[in-house]
Each structure stands twice: as C-alpha cells, then as structure tokens.
Amino acid sequence: MSFDYDKYIRPGKLPHIWCPGCGHGIVMKGMIRAIDTLGLKKEETAIVSGIGCASRLPGYMDCCTLHTAHGRAAAFATGVKMAKPEMNVILVGGDGDGTAIGGNHFIHACRRNIDMTYIIMNNNIYGMTGGQFSPCTPTGAKASTTPYGNPDPAFDVAKLAIGAGATFVARGTAYHATQIDKLIVEAIQHKGFSVVEILDDCPTTYGRRNKFKSVIEMMNRLKEIAVPIKAAEKMSAEQLEGKVITGVLYKEERPHYTAEYAKVIERAQK
Amino acid sequence: MAKKVAFLQGNEAAAQGALYAGCTFFGGYPITPSTEVAEVMSNELPKIGGKFIQMEDEIGAMASVIGASLTGAKVLTATSGPGLSLKQELIGYACIAETPCVIVNVMRGGPSTGMPTGPSQSDVMCAKWGTHGDHAAICLTPASVQELFEETVRAFNLAEKYRMPVMVMPDEIVAHMRERIVFPEPGELEVVNRTAPSVGPAEYKPYDTSFGDVPPLAAFGSGYKFHVTGLNKGQDGFPTTKAAWVQAEEERQIRKVDANVDDIVQFEEYELADAEVAVVAFGSTSRSARFAVNEARKQGIKAGLFRIKTFWPFPDKQIAALAGKVKRIITPEMNLGMCTGEVKRCAEGKTEVVGIFRVDGEPINPGQILEKIKEVK
C-alpha cells in the first residue's frame with residue numbers, strides 16, 4: 001500500500017511554491033514519513049522556519065507551524081520549546097537562512113543542546129531572491145552576485161554544528177530519498193539538538209549558472225559525491241577528495257537544555 | 001492585614017509588576033540600564049515554574065518571547081536603546097502576527113551606543129516608528145517606581161487584550177531610582193488574560209475577524225493547529241496577496257488601537273484648572289515639572305502640569321483641548337524635541353509651544369523649568 005502523505009498535508013495548501021526539479025519536496029516527504037514512523041501527534045508538533053524557499057515548508061504541514069523572520073527560526077523555536085518542553089519541535093530552512101543571517105541562533109541552539117531537530121536543506125544558494133551566493137556556495141561557483149566566480153570559502157554545515165556543540169549531526173542528500181526519513185527519525189529520537197543537513201539542488205538559480213544541463217545531472221552529482229560513512233572509513237584521503245560523507249556523522253549523549261532548566265526550577269523551589 | 005511595603009528600584013518594580021500580571025516567560029540579553037529586570041526574573045521565574053532564558057542576542061531574545069507567547073505564556077523582554085534598535089525587526093513580526101508580548105525599554109542616550117548609561121527620553125519615536133511598515137503602537141512612560149510596577153501590569157493587560165506588543169519605557173532615572181512601593185494585593189489590580197477561542201480546533205482560524213478586531217489566539221500545544229507568519233495573511237494565517245484583504249487587514253491592525261484610545265490613554269492633570277502656562281512632560285522630567293509648577297504657584301504664576309502616562313497612542317485630544325485653554329505650553333524632555341513635535345501637532349498653532357531639550361546625560365532640573373515658566377508667562 002502506498003504511503004498516505006495527505007494525512008500530514010494541510011488541506012487546500014498545495015501546490016507548493018517550489019520549482020520543478022527542486023529537492024525540497026523530497027525532503028518534506030522524508031520528514032513526513034519520519035513523523036509518521038515515530039507517531040508524532042500533529043497538534044503536539046511545532047514546525048518552525050525562517051525565510052526562503054525551504055522555509056515555506058511549514059505552511060504545507062498540518063501541524064503547529066511558525067514561519068518566522070529571516071534566520072530567526074532557531075530563536076523562535078527555542079522560545080516554543082522552553083515554554084512547552086513536551087512539544088516536538090522541528091526546524092526547517094535553507095543554507096543562507098541558517099548559516100548566514102541565522103548563524104548566531106544556529107550555533108547557540110547547538111551549544112545549549114536544546115532538544116529540537118533542525119533539518120537544513122543545503123542547495124548552496126539563495127534561491128528565493130534569485131541566486132545570490134550563500135555561505136555554502138562552493139568557492140569559484142557562479143551566482144548572481146559572484147559573476148566572476150565565488151571568492152568566499154564555504155561552510156561545512158556538519159562540522160559547524162559539531163563544533164558548536166550539537167549532539168547529533170547527520171547528512172543526507174535529496175537523491176538518497178529513502179535515507180532521509182531514517183536520518184530524521186534518529187535525529188528526532190535523539191535527546192538534544194540534532195542537525196540533519198540534506199544536500200539539495202536548485203536547478204533554477206544554481207544549476208543553470210554552473211553548467212548543469214538538467215535536474216538529472218544535478219541529482220546524479222549528489223549521487224556521485226555522497227559516500228556513506230562506513231565506506232568512507234575504508235577510503236584514503238585521496239579517494240575522498242571532492243566527496244561528501246553521509247549518514248550519522250556524530251552522536252553524543254549530553255544533558256539537554258530543558259531537562260537542565262527543570263533542575264534549575266527544582267533548585268529554585270527548594 | 002497590612003500591605004507589603006518595600007524600598008525598591010524601578011527595574012525591580014517592573015519585574016515584580018510582570019510577575020503580578022502572570023508573566024511566566026522572560027527572554028533577554030544583558031544591557032545596561034535594564035539588566036536588573038532580567039536579574040530579578042532569573043531569580044523569581046523558576047520559583048513559580050516559569051522560564052528564564054538569556055539568549056545569544058537582542059533579536060534572539062525578542063524571537064524567544066514571541067515563540068513562547070504562541071504557546072499561551074505571558075512573556076516579557078527588557079532592553080535599552082541599542083537593544084531596542086535590534087529588536088525592531090521582530091517587534092514588527094509581533095505586530096503583524098498579532099502576538100502579545102511586553103517590552104520594557106529603559107531609555108538611555110543615542111544614537112548607537114551613545115553615552116552609556118545616562119538618562120534619556122529619546123526612544124519614544126523609536127517605539128512608534130522603529131520597525132518598518134504601518135502598525136499600531138502602545139507605549140507607556142511611567143514616572144515613579146510604584147507607577148512602573150502598575151504600568152507593567154497594565155502593559156500585560158493591553159498586550160493580551162489587543163494581541164500586540166506593548167512597550168513600557170521608563171527613562172534611566174525612573175528605572176534606577178529607589179522609592180517606597182506598596183505592593184497591591186492579588187486581585188487589587190485588574191489582570192487581563194488572553195481570550196481563548198470559543199470554537200474547536202477544526203473550525204479555528206487565528207485571524208478570524210468575525211470575532212471582532214481582536215480575534216482570539218489559541219496556544220500551540222493545546223490541541224489547536226494553526227499557521228503563523230510574518231507575511232500579510234488571511235483569516236487562516238496563510239500568506240495572501242489579495243489587495244482588498246491586505247488593505248483591510250492592515251487597517252484593522254491599526255484600528256485595534258485607534259478605536260480604543262480612551263481605553264488605553266492615561267494621563268494626569270495637575271493644577272490645570274486655571275492655568276495660563278502648562279508644562280507637558282513625562283517620566284522623570286514630569287517630577288521636575290511638578291516641583292517647578294509648585295514653585296511658580298508660590299510666586300503667583302498660574303502654572304499647571306499635564307503629565308503624559310501613555311505616550312503612544314499620544315493623548316491627541318487632551319493636548320488639543322489644553323492648547324485651546326492655556327497661553328503657553330512648555331515641553332521639557334531629555335531629547336531634542338520628540339514630544340514637543342507631537343504637542344505642536346496637536347496644538348495646531350492654537351498656542352505657543354516652547355521646548356526645553358537636554359541630551360547631555362543630565363536630568364532637567366526644576367530650576368530650568370521654573371525659569372522657562374517665568375520667561376514665557
């Protein structure tokens with residue numbers, strides 16, 4: 001029997017705004033399957049985003065949905081989770097939203113290890129505004145504001161999250177669709193701040209400027225560069241050149257924020 | 001039983017007022033001269049099972065209180081000038097998403113870092129015009145420690161009643177002075193709670209104007225699922241670009257305040273019955289003004305004081321009436337004419353309005369105002 005996505009989609013809110021060939025819909029379907037696998041109640045699940053193409057995702061979800069300001073998802077979500085720790089809180093957004101204007105909120109959510117899951121769709125570009133380079137655009141790539149090639153080095157989102165203190169960090173791709181829900185399931189189950197970076201594609205504003213002839217070519221690239229972490233362990237640095245490691249990259253058990261604050265309450269009430 | 005009396009600092013009184021109003025969440029960022037509000041909240045909130053969080057920056061603090069408010073909590077943040085500038089992004093969000101929250105902003109100088117942390121009254125325009133776009137504003141400017149407590153309670157009431165951000169803006173003098181305060185008993189001051197939806201989750205819309213200009217707001221995690229955005233939205237909370245609807249909605253959000261000014265605007269009239277010279281002042285400056293008026297009266301000058309308690313919405317009709325009655329209006333303020341401009345707008349040339357401006361980090365003293373009263377009488 002085919003999976004019933006409609007159970008989680010808000011009635012009357014489709015079609016979505018995403019371009020043909022965009023991977024965001026694949027990520028959303030993966031997220032829906034993960035929510036279904038875990039049996040999360042829609043009315044007890046908050047989905048919070050910032051601004052951008054990926055950040056339009058919450059509107060399609062039949063949950064408590066909060067479409068905030070550019071980069072601010074993690075800070076709004078922190079307020080939701082602190083005030084109601086029993087809610088499941090999932091953040092979604094793009095690479096520009098999360099690592100540029102929202103970078104400060106992102107690293108501090110990691111540091112606090114607040115029990116939320118952040119799904120970051122990394123398509124290497126600001127899509128909604130027409131393809132300006134983001135902190136995740138590869139050096140040398142073309143964007144509407146790097147007509148001579150991007151001089152900036154790019155962030156490694158997973159390393160950033162690990163360095164900032166996130167206790168679960170995973171990476172997948174929009175090509176490896178069936179892996180997405182598995183990573184998100186594990187991320188949500190993890191107690192603490194979990195980050196799932198999904199390498200994604202933007203054929204409209206990134207692909208056409210960077211000599212990708214088709215969406216299929218962009219998807220094939222995701223397929224080719226991804227190396228599962230188990231396989232990567234057996235590969236040399238040379239073999240890993242230009243590859244991206246996927247799977248659960250980091251996992252650590254550490255006290256999470258709302259549990260720690262519950263102890264503050266206990267101490268204050270003594 | 002005798003009432004509880006204390007010798008309290010203004011900022012401490014603001015925090016106590018918030019707790020009296022039922023605040024259970026504070027998100028903040030350290031900044032002088034408002035920090036004591038956060039310090040008291042960090043101490044008191046966990047005792048009642050509430051939550052305090054120190055965020056990574058001012059914007060994050062504002063975001064956290066909006067997020068918490070959407071779960072049904074009464075929420076507070078506190079800041080000062082530079083922080084208020086940063087918070088403007090999300091004050092606009094709270095306006096358009098119609099999310100109740102209270103911001104205590106202690107006025108120090110500016111622009112930018114200015115001269116920390118001397119007294120100032122130069123954030124009053126920022127309270128109304130700081131965030132981009134058309135929006136309503138409520139801003140209260142208390143003049144004593146007792147009033148800072150009471151006006152913070154009122155700020156929560158107005159925020160919940162009108163579903164919008166409300167600012168309490170003491171100047172640094174009021175925020176840092178210590179005075180005797182008599183704590184009201186529980187139930188003595190009115191405490192307004194958010195109107196809960198009267199329909200079930202299936203029929204609920206977060207901006208359903210069939211319930212009036214202030215639609216009931218449900219809470220995340222209470223069985224209701226709904227969408228909140230900073231985009232212009234329809235009744236169901238989803239983005240819309242329908243021209244007629246967007247226009248009507250923007251107007252409704254302004255009307256929430258405009259149609260209720262008599263419920264919101266508070267002021268004090270002192271010795272104005274036969275006054276020929278009126279001083280219009282707010283915050284700590286109004287205390288100097290009262291002293292000056294008393295001195296002027298002793299010297300046979302018919303002076304009076306109109307004290308602004310609610311700066312926004314501005315007491316337009318009261319100032320217009322005053323301008324039609326007195327020969328001169330004097331407007332002392334710790335900025336370069338922000339209140340004066342508003343008074344002139346309301347006076348419409350019916351009387352001369354003379355400002356006393358001070359931005360050197362020193363308070364306006366009674367002698368300065370008395371001198372002006374004698375000069376213009």
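# Briefing on a predicted two-chain model

E3(A) and E4(A) pair in the parallel sense, with five bridges between them. The model is a predicted one, and the strand pair just named belongs to an open sheet of nine strands with mixed pairing, ordered E9(A)-E10(A)-E7(A)-E8(A)-E4(A)-E3(A)-E1(A)-E2(A)-E9(B). The edges of this sheet are strand E9 (226–228) of chain A and strand E9 (227–229) of chain B, each of which pairs on one side only. Averaged over the sheet and with direction ignored, neighbouring strands are turned by 20 degrees against each other.

**Strands and helices of the nine-stranded sheet**

- Within the pairing of E3(A) with E4(A), the bridge partner of A:Gly94 is A:Met121 in E4(A).
- Strand E3 of chain A, residues 88–94, is mostly covered, since seven of its seven residues are buried; A:Asn88, A:Ile90, A:Val92 and A:Gly94 point one way from the strand, while A:Val89, A:Leu91 and A:Gly93 point the other way.
- In a regular strand, side chains alternate between the two faces of the sheet.
- E1(A) is joined to E3(A) by five bridges and runs parallel to it, and within this pairing A:Ala46 stands opposite A:Val89.
- Strand E1 of chain A, residues 45–49, is also joined to E2(A), here by four bridges and again in parallel, with A:Ser49 standing opposite A:His67 of E2(A).
- Helix H6 of chain A, residues 157–164, packs on the sheet and touches strand E4 (117–122), strand E7 (168–173), E8 and strand E10 (244–251) of chain A, its direction making about 170 degrees with that of E7(A).
- H8(A) packs on the sheet as well, touching E7, E8, E9 and E10 of chain A, and its direction makes about 35 degrees with that of E9(A).

**Chain A as a whole**

- The secondary structure of chain A consists of eleven helices and ten strands; its radius of gyration is 18 Å, close to the 18 Å that the globule rule gives for 270 residues, so the chain is as compact as a globular protein of that length.
- Along the principal axes, the C-alpha atoms of chain A fill a box of roughly 65 × 45 × 40 Å.
- Buried residues account for 51% of the 270 residues in chain A, and among its contacts with a separation of 6 or more, 66% are between residues 24 or more positions apart.
- An unreviewed UniProt entry lists residues 51–198 of chain A as "domain: Thiamine pyrophosphate enzyme TPP-binding"; over this range the chain is 36% helix and 22% strand, and the end C-alpha atoms lie 17 Å apart.

**The surroundings of A:Asp200**

- A:Asp200 lies in the loop between strand E8 (194–199) and helix H8 (215–225) of chain A.
- The residue counts as buried because 28 other C-beta atoms lie within 10 Å, where the cut-off is 20 or more.
- Leaving aside residues up to four places away in sequence, A:Asp200 touches A:Gly23, A:His24, A:Val27, A:Met121, A:Asn122, A:Asn123 and A:Ala174.
- From A:Asp200 to A:Ala259 the separation is 59 residues in sequence and 34 Å in space, taken C-alpha to C-alpha.

**Contact between the chains**

- The contact takes 34 residues from chain A and 36 residues from chain B.
- On the side of chain A that touches chain B, the elements giving two or more residues are strand E2 (64–67), helix H3 (73–83), helix H5 (103–112) and helix H11 (257–269) of chain A, and H3(A) gives the most, with eight residues.

**A sheet and a helix in chain B**

- Chain B has an open sheet of seven strands with mixed pairing, in the order E3-E2-E4-E5-E7-E6-E13; strand E3 (51–54) and strand E13 (310–312) stand at its edges with a single partner strand each, so one side of each is left without a neighbour in the sheet.
- Strand E5 (residues 101–106) and strand E7 (residues 165–168) of chain B pair in the parallel sense over four bridges, and B:Met167 in E7(B) is the bridge partner of B:Ile103.
- Helix H6 of chain B, residues 145–162, lies across E5, strand E6 (139–140) and E7 of chain B, running at about 170 degrees to E7(B).
- In helix H13 of chain B, residues 366–376, B:Ile369, B:Leu370, B:Lys372 and B:Ile373 are buried; they cover an arc of only 160 degrees around the axis, which puts them on the same side of H13(B).
- The face of H13(B) turned away from its buried side carries the exposed residues B:Gly367 and B:Glu375.

Definitions and conventions. Residues are numbered from 1 along each chain as its sequence is written. Chains are lettered from A and ligands numbered from 1 in the order in which they are written. This is a predicted model: local features need pLDDT of at least 70, side-chain atom pairs count only at pLDDT 80 or more; totals for chains, interfaces and linings use all residues. The radius of gyration is taken over C-alpha atoms; the globule rule is 2.2 Å times the number of residues to the power 0.38. A residue is buried if 20 or more other C-beta atoms lie within 10 Å of its own, exposed if 12 or fewer, and partly exposed in between; C-beta atoms are placed from the backbone. Two residues are in contact if their C-beta atoms, placed from the backbone, lie within 7 Å. The arc is that of the directions from the helix axis to the C-beta atoms. UniProt positions are given in the numbering used here, feature names are shortened, and annotations may be inferred rather than shown by experiment. Two strands pair if DSSP finds at least two bridges between them. Axes are lines fitted to C-alpha atoms, for helices over the stretch in contact, and angles run from 0 to 180 degrees between N-to-C directions.
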